[in-house]
Amino acid sequence: QVQLVESGGGLVQAGASLRLSCAASGRTFSAYAMGWFRQAPGKERDFVGAISWSGSSTHYADSVKGRFTIFRNNAKNTVYLQMNSLKPEDTAVYYCAADTMRRGQYDSWGQGTQVTVSS
């Protein structure tokens, strides 16, 4: 099991940028893939994007492709979500998750950080 702590959320205007961080502790961070998810009020949690253990591979939901970028620094045990050109519909609680067992399923989750985009 790993402990994940997100930070960097806040209130921004549409068109602004924000960078979220997710710091991990516990199991060897560089050994597993990481993902970002979000949950808007009254909606289910949605996949945002993911990054492989090495950082060489990423993929994104269509709704954020071209605007959001995931990258990681294994030396710092941290994964990032760079969000550009934010839209009001990006408003949600953002969660990072880890596939520590490398089974293609996320088994550890952070507590979430709120991102609010005003129009």
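T100 lies in the loop that runs between β9 (92-99) and β10 (108-109) of this predicted model. Is T100 buried or exposed? Its relative accessible area is 8%, and the cut-off for a buried residue is under 20%, so T100 counts as buried. Leaving out residues up to four places away in sequence, T100 touches V2, R27, Y32, D107 and S108. With one of these, D107, the contact is polar: the side chains of T100 and D107 are joined at 2.5 Å.

Elsewhere in the chain there is an open sheet. Its 4 strands follow the order β1-β3-β8-β7, and their pairing is antiparallel. At the edges stand β1 (3-7) and β7 (68-73), each of which pairs on one side only. Direction ignored, neighbouring strands of this sheet are turned by 15° against each other on average. Strands of a sheet pair through backbone hydrogen bonds, either parallel or antiparallel.

The pairing can be followed from strand to strand. Edge strand β1 runs antiparallel to β3, and 5 bridges join the two. Within this pair, E6 stands opposite C22 of β3. On its other side, β3 (residues 18-25) is joined by 6 bridges to β8 (residues 78-83), again in antiparallel fashion. Here R19 has Q82 of β8 as its bridge partner.

Which residues of β1 lie on its covered face, and which on the uncovered one? L4 and E6 make up the covered face, while Q3, V5 and S7 make up the uncovered face. In a regular strand the side chains alternate between the two faces of the sheet. E6 thus appears twice in this account: on the covered face of β1 and opposite C22 in β3.

Note on methods
Residues numbered from 1 in each chain as written. Predicted model: local features only at pLDDT ≥ 70, side-chain atom pairs only at ≥ 80, totals over all residues. Heavy atoms only, no water. Pairing = 2+ DSSP bridges. Axes fitted to C-alpha atoms, helices over the stretch in contact; angles between N-to-C directions. Buried < 20%, exposed > 50% of the residue type's maximum accessible area, 1.4 Å probe, protein only. Polar contact = N/O pair within 3.5 Å; in protein donor to acceptor, adjacent residues only side chain to side chain. Contact = heavy atoms within 4.5 Å.
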